[in-house]
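Me: I have a model open and would like to learn how to read its features one by one. Could you walk me through it?

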Amino acid sequence: MDYEKGQIETFKEHRVNLSDARYKKIERFLDGRKGSVLEIGCGDGAFLERLKRKGWSVKGLEIAQSRKPYIVKGNAQERLPFREKFDVIIAGEVIEHMID
C-alpha cells in the first residue's frame, strides 16, 4: 500500500509541476496585456485568480460546482453559457475528457 501511495504522490507532484510550467508559459505570453480570459476546465480557479490579480477580467467553466462567482458550472461538450466575447480562451487538460 505504501508503494501505491508513493506512486500517487509522485504523479500528483508531476502533474502540478507540468501545470505550473504550462501556466508560466501562458503568463509570459500574456505579460503586460490586459483583457478578458475564459479558462475551460479551470478546476479550483487558481490560475484565474493569478490572472485576476494582474488585472484580467476572468471567467471559468468547470464541470463541478464552485463557490467562486467567476466560475460557472457547465460542460465543455455543450453550448457554452457565456454571451460575452473573450480575448483569450485557455483549455488545458480538457481534450482527454471529451467524448468522440
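Reply: Gladly. Let's begin with a definition: two strands count as paired if DSSP finds at least two bridges between them. Keep in mind that this is a predicted model. As an example of one bridge, Gly-60 has Ile-71 in β3 as its partner.

Me: Before the details, how many helices and strands are there in the chain?

Reply: The chain has two helices and four strands. Along the sequence they come in the pattern α-β-α-β-β-β.

Me: Now the sheet. In which order do the four strands lie?

Reply: The general idea first: strands of a sheet pair through backbone hydrogen bonds, and the pairing is either parallel or antiparallel. Here the four strands make an open sheet in the order β3-β2-β1-β4, with parallel pairing. The edges are taken by β3 and β4 (88–90); each has a single partner strand, so one side of each has no neighbour in the sheet. From one strand to the next, the twist averages 20°.

Me: How many bridges hold β1 and β2 together, and which residue stands opposite Leu-38 in β2?

Reply: Five bridges join β1 (residues 36–40) to β2 (residues 57–62) in the parallel sense. Opposite Leu-38 in β2 you will find Lys-59, and Glu-39 has Gly-60 as its bridge partner in β2. Leu-38 also stands opposite Ile-89 in β4, and β1 and β4 run parallel with three bridges between them. On the other flank, β2 pairs with β3 (residues 71–73) over three bridges, again in the parallel sense. There, Leu-61 is partnered by Val-72.

Me: What sort of unit do β1, α2 and β2 make?

Reply: Follow the chain from β1 through helix α2 (residues 46–53) to β2, and you trace a right-handed β-α-β unit. After α2 comes Gly-55, which has a positive phi near 100°.

Me: How do I read which side of a helix is buried?

Reply: An α-helix has 3.6 residues a turn, so residues three or four places apart point the same way. In α2, the buried residues include Phe-47, Leu-48 and Leu-51. Those three cover an arc of only 100° around the axis, which puts them on the same side of α2.

Me: And is β1 buried or exposed?

Reply: A residue counts as buried when its relative accessible area is under 20%. By that cut-off, five of the five residues of β1 are buried, so this strand is largely enclosed by the rest of the structure. Ser-36, Leu-38 and Ile-40 point one way from β1, while Val-37 and Glu-39 point the other way. As a backdrop, buried residues account for 30% of the 100 residues in the chain.

Me: Last topic: aromatic rings. What describes a pair of them?

Reply: Two values do: the distance of the ring centres and the angle of the planes. A search of the whole structure turns up one aromatic pair. It consists of Phe-82 and Phe-86, with centres 5.6 Å apart and planes at 90°, so the pair is edge-to-face. Phe-82 counts as buried at 13% relative accessibility, and Phe-86 is buried too, with a relative accessible area of 18%.

Me: Where does Arg-33 lie with respect to a ring?

Reply: Look at Phe-29: Arg-33 lies over the face of that ring, 4.6 Å from the ring centre.

Notes:
Residues numbered from 1 in each chain as written. Predicted model: local features only at pLDDT ≥ 70, side-chain atom pairs only at ≥ 80, totals over all residues. Heavy atoms only, no water. Phe/Tyr/Trp six-rings, centres within 6.5 Å; stacked < 30°, edge-to-face > 60°. Buried < 20%, exposed > 50% of the residue type's maximum accessible area, 1.4 Å probe, protein only. Lys NZ or Arg CZ within 6 Å of the ring centre and 35° of its normal. Right-handed = clockwise from strand over helix to strand, strands pointing away. Arc of directions from axis to C-beta. Axes fitted to C-alpha atoms, helices over the stretch in contact; angles between N-to-C directions.
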